[in-house]
Amino acid sequence: MDILSPLQIALSLLVSFEPELMGIIGLSLGVSLTAVGISLVIGLPLGALLAAYRFPGRGAIIVISNTFLGMPPVVVGLVIYLLVSRAGPFGFLGILYTPAAMMLAQTILVLPIAIALSRQVFEALNAEYAPLFRSIGLSQFRWIASLVSEARISLITIGLACFGRAISEVGAVMIVGGNIRHSTRVMTTSIAQATSMGELALAVALGIVLLLVALIVNILTQIVRGRLQDHGYEL
Amino acid sequence: MNSDLVTTILTISGLTVSRNGNRLLDNVSATVARGSITLLMGHNGAGKTVLMNCLHGLMAYDSGKIDAPPRAQQKMVFQKPIMLRRSARQQLKFLCPLLVDAKIEALLARADLIHRADTPARTLSGGEQQKLALIGALATHPDILFLDEPTAHLDFEATKSIESMIREAHDGGTSILMTSHNRAQAERLAQHVLLLDKGMLVESAPAPQFFSAPSHPLARHYLDHV
């Protein structure tokens with residue numbers, strides 16, 4: 001097969017800002033960034049709490065979170081489908097086959113990563129800072145907030161890992177989003193569909209975009225980390 | 001009022017700490033006079049830091065009793081200052097959140113750190129970090145200040161500067177309990193000395209008496225080797 005032809009078409013689609021392609025890219029980024037944002041807002045304080053305190057149910061949260069860490073995306077998609085489908089307990093929300101359901105699926109997939117990675121980071125930081133925090137009598141809220149603030153450089157990496165998982169997800173968003181054109185079609189589901197239908201140009205174009213997104217996010221992360229390290233705020 | 005409360009800031013009764021089958025402190029009883037500089041001395045592993053951590057509430061003990069000012073009236077400076085990933089000024093604000101900016105600047109100036117205020121705290125020199133930790137601890141005029149080898153690994157100038165700040169805090173009415181391995185420093189600063197050996201308090205004496213005529217053989221042996 002001549003791969004150059006689809007590559008040329010893909011590049012022309014990209015440089016011409018083809019509307020449908022731009023819509024797919026926009027939706028992908030929107031859904032994934034929202035899911036990552038929600039996961040970080042919930043996962044980071046929870047990771048800090050798990051690292052810094054012993055409380056009833058802590059072990060259960062860790063076990064559940066670690067279990068979800070290895071959960072196959074299609075299973076997550078299936079569970080959410082059952083929950084939000086018309087006959088499911090949350091069917092009244094009417095979010096099946098909408099970006100909201102896709103955000104929910106990605107959040108559930110990404111949240112355990114945010115919790116597990118942040119707990120690891122916060123455990124190391126907490127060991128370092130606990131004597132000082134205890135000595136000055138920090139409140140529980142300020143303790144957690146301070147850990148999150150001190151971990152900011154590592155949190156960039158955690159955010160990146162979460163985003164990588166979210167943007168590359170296909171199984172769960174296919175099930176709960178339905179891959180509906182102009183509505184819930186994202187880059188990964190489009191690639192799967194385009195490939196199966198022989199529309200290799202679109203598939204390659206989207207593949208290039210996915211790679212570019214990963215590249216840009218990595219470059220930005222390196223720049224931010226480098227700046228912070230140059231100023232002595234290294235981890 | 002009980003006269004003991006006036007003259008004593010800290011009373012330790014039968015303090016015992018064991019970890020993993022090792023006795024770290026063994027029935028330690030002592031007092032620290034209000035307004036004094038008391039040096040806690042002893043070889044490595046004698047239990048100095050363990051005792052200080054127990055007194056400051058950072059470590060649980062198995063038995064015994066501690067009568068000390070409330071935590072809010074205590075401050076502690078660690079051997080290796082714990083620095084945040086922030087500037088020196090932000091570190092000080094973190095340690096003293098209720099202080100206004102002008103007071104923060106005044107403290108930085110007092111510690112001769114005003115020119116380093118925007119430098120990341122973790123990149124300051126050891127002496128600068130210790131001074132930053134010390135002014136943060138002293139900003140709220142604590143009743144008692146615990147100092148865990150505050151000048152370990154510091155050069156002469158930095159040591160002199162820290163000792164001057166310690167004397168200033170003492171003159172301001174803060175009682176000080178500090179550990180040190182440095183006999184010369186102990187003789188310069190101490191009014192009273194507590195000597196620990198293998199978790200046991202073997203000598204408690206006024207500094208002149210401790211250095212000139214220690215009563216316990218282990219104290220004499222210790223002084224021969226520091």
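This is a short talk on a sheet, two helices and some salt bridges in a structure with chains A and B.

Hi everyone. Before we start, please keep in mind that what you see above is a predicted model.

Let's begin with the sheet in chain B. It is an open sheet of 6 strands, and if you walk across it you meet them in the order S5-S6-S7-S3-S8-S9, with mixed pairing. Which strands sit at the edges? They are S5, covering 74–77, and S9, covering 200–206, and each of these pairs on one side only. From one strand to its neighbour there is an average turn of 15°, if we ignore direction.

Now zoom in on two neighbours. Strand S6, residues 144–148, and strand S7, residues 175–179, run parallel in chain B, and 5 bridges join them. If you want a place to look, find Asp148(B), which has Thr179(B) of S7(B) opposite. There is also a helix on this part of the sheet: H5 of chain B, residues 126–138, lies across S5 and S6 and runs at about 180° to S5(B).

Next, a single residue. Gln91(B) belongs to helix H3 of chain B, residues 88–95. Is Gln91(B) buried or exposed? Its relative accessibility is 1%, and buried means under 20%, so Gln91(B) counts as buried. And what does Gln91(B) touch? Leaving aside residues up to four places away in sequence, its contacts include Ile82(B), Met83(B), Leu84(B) and Arg86(B). Ala121(B) and Leu132(B) are on the list too, and so is Leu132(A), from chain A.

Let's move over to chain A and its own helix H3, residues 58–69. Here is a nice little check: with 12 residues and 1.5 Å a residue, this helix should span 16 Å, and its end C-alpha atoms are indeed 16 Å apart. In H3(A), the residues Arg58(A), Ile62(A) and Ser65(A) are buried. Looking down the axis, the buried residues fall within an arc of 70°, so they line one face of the helix. What covers them? Part of the cover comes from helix H2 (19–52) and helix H5 (99–135) of chain A.

My last topic is charge. Side chains of opposite charge can pair when their charged atoms come close. Over all chains, the structure holds 15 salt bridges. I'll show you a few.

In chain A, Glu20(A) and Arg181(A) form one through their side chains, at 2.8 Å from N to O. Glu20(A) is in helix H2, while Arg181(A) is in the loop between helix H8 (171–177) and helix H9 (187–196), so this pair ties together parts of chain A that are 161 residues apart in sequence. Arg181(A) counts as partly exposed, because its relative accessibility is 49%.

In chain B, Glu168(B) meets Arg110(B) in a salt bridge, with 3.1 Å from N to O. This pair links distant parts of the chain, 58 residues apart: Glu168(B) is in helix H6, residues 156–171, and Arg110(B) is in helix H4, residues 101–110. Glu168(B), at 41% relative accessibility, is partly exposed, and so is Arg110(B), at 39%.

Another salt bridge in chain B joins the side chains of Asp67(B) and Lys65(B), at 3.2 Å from N to O. Asp67(B) is partly exposed at 38% relative accessible area, and Lys65(B) is partly exposed at 46%.

Finally, there is a salt-bridge network for you to find: it links Glu128(A) with Arg85(B) and Arg122(B). Thanks for listening!

How values were computed: Residues are numbered from 1 along each chain as its sequence is written. Chains are lettered from A and ligands numbered from 1 in the order in which they are written. This is a predicted model: local features need pLDDT of at least 70, side-chain atom pairs count only at pLDDT 80 or more; totals for chains, interfaces and linings use all residues. Side-chain values use heavy atoms; hydrogens and water are left out. Two strands pair if DSSP finds at least two bridges between them. Helices (H or I, at least four residues) and strands (E, at least two) are DSSP runs, numbered from the N terminus. Axes are lines fitted to C-alpha atoms, for helices over the stretch in contact, and angles run from 0 to 180 degrees between N-to-C directions. Contact means heavy atoms within 4.5 Å. Buried means under 20% relative accessible area, exposed over 50%, partly exposed in between (1.4 Å probe, protein chains only). The expected span of a helix is 1.5 Å times one less than its number of residues. The arc is that of the directions from the helix axis to the C-beta atoms. A salt bridge is a side-chain nitrogen of Lys or Arg within 4 Å of a carboxyl oxygen of Asp or Glu.
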